[in-house]
Structures are given as C-alpha cells and as structure tokens.
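Here are my comments on the model you sent, set out as numbered points. They take up one sheet and its strands, and then turn to a contact between chains.

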Amino acid sequence: MLRIENLVMQYKTGDQALKNVNLEVPNGQVMALIGPSGAGKSTLIRCVNRLVEPTSGNIHLGGIQLNKLGTRELRKARRRMGMIFQEYALVERLSVMENVLSGRLGYVGFWRSFFRKFPQKDIDEAFRLLERVGLDHMADKRADELSGGQRQRVGICRALIQDPELLLVDEPTASLDPKTSRQIMRLICELCEERHLAAIINIHDVLLAQMFARRIVGLQLGEIVYDGPPDGLTSDVLTQIYGEEDWEATIQKVEEEENGSEEQPAV
Amino acid sequence: MSTSRNWKRPPFIKNPTLRWGLVLGAAIYLALAFGTMEVNWSRVAEGATRGKRFIAAFFPPDFSSRLDSISDGIYESLWMTVTSTVIGIALSIPVGLGAARNLAYKPVYYFCRGILAVSRTFPEVILAIFFVKLFGFGPFAGFLALSVGTIGFYGKLLAEDIEDMDPVQAEAIKATGARWLQWLNYAVQPQVMPRMIGLGMYRLDINFRESAVVGIVGGGGIGATLLTSFDRYEFDSAAAILMIIIGIVMMVEYSSGYIRRWVQ
Amino acid sequence: MFVDDAHRQAADLAERMVPPKWSYMEKLWMPIWDTLNIATLGTALAIIMAFPIAFCAARNTTPSKIFVRPIALFIIVSSRSINSLIWALMLVTLIGPGVMAGVIAIGLRSIGFCAKLLYEAIEEIDPSQVEAITATGASGAQKLSYGIVPQILPAFAGISVFRWDINIRESTVLGLVGAGGIGLQLDASISTLAWTQVSMILLVILGTVIVSEWISAKIRHAII
C-alpha cells in the first residue's frame, strides 16, 4: 500500500539523511523502524507526509504519488496518514476534546473549525475514541494538565479520528516510563489491528520493537541494513545497526519477557 | 456504542453571570467612549489634503533649508541624552541600593522608595515643564528632566535586581569578614552588573527618544526644531527630522543590542 | 541660565502650589474619562494592527523573508522611535485637536511596542505543535488558529495589559499639544499661572497612574 522508491533526502548543509531508501509496507502491517539517533528514522516518516520535502525518489500511497502533489491535494492526502509524535505535540492550551477534534481539520472548513462547530458524527467519534483509550471523562481538561501517558493517548486519538489508512509513529515512548511505554505500544498495536491500519513505528528501544512488531526494519546512516522478523535480530545484526556493543543481554532479556508476558496485567 | 453526546467548547469564563456581565460592560463602555468622543469631521476631512502634503513631503525630505537648526537640535539632543544617562545612572545607584529591602534599613528603604515612586510617576514632559519654569528654556531643563526620569527607571530596576540576587553568594562574602563596601564590590556588583549594563543601554535609547519630546515644552533639543517646523507647516523639514530620529534610534538600538550580547 | 536663583524660584513655586484647589476636581472628571478612553481605545487600535504585523515580522510565520519581513520590521521601528507626543503633534496638525488625535497617536506609538513583543513570542513557540496540526491536513488558516494562536494568547494578553498601563501615563500629557485628555487642563492651568489647579491636576494624575498600575497588576496576575 505504501511504496517508497529510491528516496533520497539531502539537507542544505550537504548531509545525506536518507540514501536511496526502498521500502514497501502492505495493508495492515505494523512495522517497527529501529536505528540509532541520526539514522534518518524521523526524516523517513516525515518525508512520507511531506513535513520534510524529499530531495528525490517516489512515494506512493494507494494509487497516489505523494511527492508530486500540490498544496491542496497534499492536504487531502495527509488526512489518510495519521501521525503520532515523540513529545505528544498536543496543543497544550487547548482542551483534550479540541486536540482530538483537531484531527478532523483536514475535513472541515476554516470557519467551522474556528467556531468549534464540528459535525456531530465527528464529536461522537471523538468521544468513542476517548472512551476506547479511557479518557472520556477528561474531555474538557486542558492538555497541559495531563500526564505523559494520558497525553500520548490523546495524540493517538487525534491521529485515529482522521480515519487514516496508515499511521506514522515517531518515537511514541521516548518520554515515557517503561510501564507506560509498553501500555502505549500495546494500545497502538491493538488499535492498528482493530482498524486494519498499517503503521511505521520509529523506535529506538529494540526490546519494545521486538515485543510488538512482526516486521523490523533497521536503518543506519540513511540506509536500510535489516528487514525481517524480530527474531532475526541477532547480535551481528544489532552490531551492524548500532555499532559494537554486548548485545547478548538484550536478546536474552527479550526472550524472558516474552515467556513472562502472560502474567502482565492488561492495560 | 454510546449515544450521541453534545460537546461545546468550555467557555473561557465559567460563571455565566460574570461572563455576560463582562461582555455587556465592555459594550456599554465602548458605546459611551465613542459617544463622548467629539470629532470635528469637517476638520478631519480638511486634514486629508494636509495629510497628502505631509506624506508627499517624505519624497524627498528637505534636509538642507533648515540644516543649521536641525544640526543644532540634534547636537543638543545627543548632549542631553548622554549627560542625563550618565548623571542619572550615577545618582540612581545610591538610591537603588537604599531601595533594596535586603540591603537598607527600614527608614532608608522607605525614603528611597519614595524618591523612586515620585520620579517615576510623572512623565518626563511634565518634569520638563517644571524645570523650564525654574531654569528657563533650553537643554539644561531637558537634561534635568531626563536625569530625574532615569533615576526613577534605573533605581527601581537596580533595587529589584538586588532583591532578586542569590543570597548564598552574598553570605559567603560576608563570612570572609569583608567590609560593607568590599561586600558590595565582591558579592552584589558581579551579580547585577551584566543586566544593569544592558538596562543602561536601553535607558540611553529611551532618553534619546524622550529628548525629542522635552523640546515641545521648551526643554531644548530636536523636539523644539520639530515643533517649529510643524508650526510653520514646513512638512518637508519635519519629515527630514523624523527620519533622522528614526535613523538614530535604529543605530542606538542596534549598537545597544550588540553591546548587550557582548556583555552577557 | 537662571541657576543661581532656582532654589528661591522653586520654593516660591512650591508655596504657590499649596494647597491644591480641591474644588477644581469637578471640572476634571470629564478630562479623566477622556484620558482613560485615549489609553484604552488607543491600546485596542494598536493591538488590532499589531497582530498581522507581528505575524509578518516573525521569522517562522512571515509570508516572505526578503520582502514582507523588512517592511514589517521597518513599521515596528518607526512606530517605536517616535514618541506618542510627536505622533500627537503631527495628528493635531493633520486632523485637528481632540480626543481622536490622541487615540490615533497612542495607537500608532503602541503598534511597534506590541508587535515587537508579539513577534518575539511567535518566534518562541513550540514548532512541534504546529507540525502536528499540519500533519492532520489542516489549511494555513487552520494552522494559525489551532497551532499558533493558542500558544501566544497568554503573551498577547500580558502585552496588552502592560501597554495599557504605559499608555495611561502617556495619555496624561497628550493634551499639551492639543490631543485631548487631562493634559489640556494642565497646559491651560500652567499658561494662566493657576498653580493650585496645577497641583490638583498632578495629584489626579498620580492617583490615576497608581490605580491603573494596581488594575494591570491584578489582571496580569489573573491571566498568568
């Protein structure tokens, strides 16, 4: 469904963030993108919805070639791609509900959004999503009153209310504690399954990636160096992605986690 | 699935009586304010032609025909600006020290706060009116007015800065057995100095702008020249003066920004 | 210069100013009202005009860095360099004396101040919030109203109140050049050497300034 061909991104300073990336994500697949900081993970997903303009290459979503779109068509195409951000990126001074509804901005006109007169079905959907993530009682709280985990749930709702086909997720757990991180990752994966969404999840935490994604892509210095199942991440592969380090402990820990995961309480 | 739920943006002010009261109050105020504003529309219409002439006077402004009085005015203004900033800041240091709660005894504190309050309340122009009455027309009156204004501005900020300083550093120097003046020099001065230099530059900037104004009430400087050219409807000279003022302010602002960055 | 006898003159003047002519107060209510209106309406005018200028001047929202931004910055600098009294002087020559000249003078002087502080606030916003709104497919106007405006609203309110407080002070003297407000009475009383009226007016100005300072402190406290 998403097809990236020969994607190159070169910054004005001359640094190549992405060197000839080729990637295909079929419908409904949750894919984790791992790699060290600076590998180009963020740049890659930002090229997909063109928050960053790629230098060359093609990106297709469904039948549309994203990198050729004009402003108006681009806005339409962005509605089909929900994005979840690293530091939540909620508009802090707006209420939870307004933040969720802001996901519909691509669908409603300016004055309607200005007076917060969203269609009733959007409001119903917003309440349904907030209920799903357990925050419907907080609808009128201001976003900056929420905890990190709660904010990220609102961020998820904002992305889902767009009714997307693809989720672009940028380090969703970077500023969360380990327990909340897992809850958020589990929530994202469950929602993707419920709604048959494809997702690209940027994540630097190898453990979390292995726990939740069935396909892992490793990025190093703007090039794909691994593409395969989580259990293919051997010590050698990790060394190739992240550099020399003792990886045995990490791999072992994952196996223990997976054995013990039955006892984990549900979110 | 849950039934339809309504949602409205929560209002900024929760209490509806207060909210509508404020809206109504604002509406009544605006109606009254505009209602009591007497506008002589025929005079305003007449102004349109003058306005056109005035704007036309900017292309090109006439720097030459009043060159003597313009350069005299600028010279006076610059003199006033520099002297009043220097003297004003020099005088505001003892007052500011006295007005810092953590430094001065209560009677001294109230006395100095009083000086600051009085010199801050009245705009420089009103001060200038009185100094003109006392010392006659000319830049000396303007210089005094700006100096007093500087004391109020600088003294207050200095006092506040000293009150906000880190007490631990101050205590540490005191513990060495330093004399009061040594203590000021080693504990207080280093803490407030960078910010105060910046504020001094800022005040220089303000004083130049104000120096253009005290002339209107007889305090000398470029303001007097400007007033004369307006009174004579010499808009092209007035345009030249305004452009010079804007130019000098830009220069002062730019260089003060540079100095502030350099100090910090 | 008459510096030698200044102290005698000062004593003389002080003597003539005491006691303030309390009965003059009844003629001052209207000028106070005018002064208040000049400050308030002038501030409102300035804010309305400063808003678009600030967006043109901020690096991250300007439509064009080479063309629009320098113009906006020039408007800001010129507005700030010229004192409200000089603006008033010009406007009185152009549209005649009165409160309206005062309102416009205060407005023109305050545009630069408000726009400068506002565009600095715009440049300091968190870009990721705007990015998130962009990613939903929002239009330019929607990005402004959802991503940027909520972030600068507190700064905006603070700046308005701050400038209003300054403007109360400035509008007390605009009457000296004929632009309405209590300065008219001050000018008249000084030129007729009615010193007890002058001291009364100064007391009133003092009172107004103190009250406005108190109000603005209260409002700022409530906002933040």
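1. In this predicted model, β7(A) and strand β8 (residues 198-202) of chain A run parallel and are joined by five bridges. Within this pairing, V169(A) has I201(A) of β8(A) as its bridge partner. The connection from β7(A) to β8(A) passes through helix α7 (residues 178-195) of chain A, and the resulting β-α-β crossover is right-handed.

2. The helix of that crossover can also be placed against the sheet: α7(A) lies across β3 (30-34), β7 and β8 of chain A, and its direction makes an angle of about 165° with β8(A).

3. β7(A) also pairs with strand β6 (residues 81-84) of chain A, again in parallel, and here four bridges join the two strands. In this pairing L166(A) of β7(A) stands opposite M81(A).

4. Is strand β7 (residues 166-170) of chain A mostly covered or mostly open? Five of its five residues are buried, and the strand is therefore counted as mostly covered, a residue being buried if 20 or more other C-beta atoms lie within 10 Å of its own. In a regular strand the side chains alternate between the two faces of the sheet. For β7(A), L166(A), L168(A) and D170(A) belong to one side and L167(A) and V169(A) to the other, and with all of them buried both faces are covered. The presence of D170(A) among these buried residues is worth a look when you inspect the strand.

5. These strands belong to an open sheet of six strands in chain A, whose order is β6-β7-β8-β3-β9-β10 and whose pairing is mixed. The edges are formed by β6 and β10 (223-228) of chain A, each of which pairs on one side only. From one strand to the next, the twist averages 20°.

6. An antiparallel pairing is found between strand β9 (residues 215-220) of chain A and β10(A), which are linked over five bridges. One residue pair that can be checked there is G218(A) with its bridge partner Y226(A) in β10(A).

7. Turning to the other chains, the contact between chain C and chain B involves 34 residues of chain C and 36 residues of chain B. On the chain C side, the elements that give two or more residues are α1 (6-17), α2 (29-57), α3 (68-81), α4 (84-95), α5 (99-123), α7 (140-171) and α9 (195-223) of chain C. The largest share of this side, six residues, is supplied by α4(C). By class, the side of chain C that touches chain B consists of 23 nonpolar, nine polar and two charged residues.

Methods. Residues numbered from 1 in each chain as written. Chains lettered and ligands numbered in written order. Predicted model: local features only at pLDDT ≥ 70, side-chain atom pairs only at ≥ 80, totals over all residues. Contact = placed C-beta atoms within 7 Å. Nonpolar A, V, L, I, M, F, W, Y, C, P; charged D, E, K, R; others polar. Buried ≥ 20, exposed ≤ 12 C-beta atoms within 10 Å, placed from the backbone. Pairing = 2+ DSSP bridges. Right-handed = clockwise from strand over helix to strand, strands pointing away. Axes fitted to C-alpha atoms, helices over the stretch in contact; angles between N-to-C directions.
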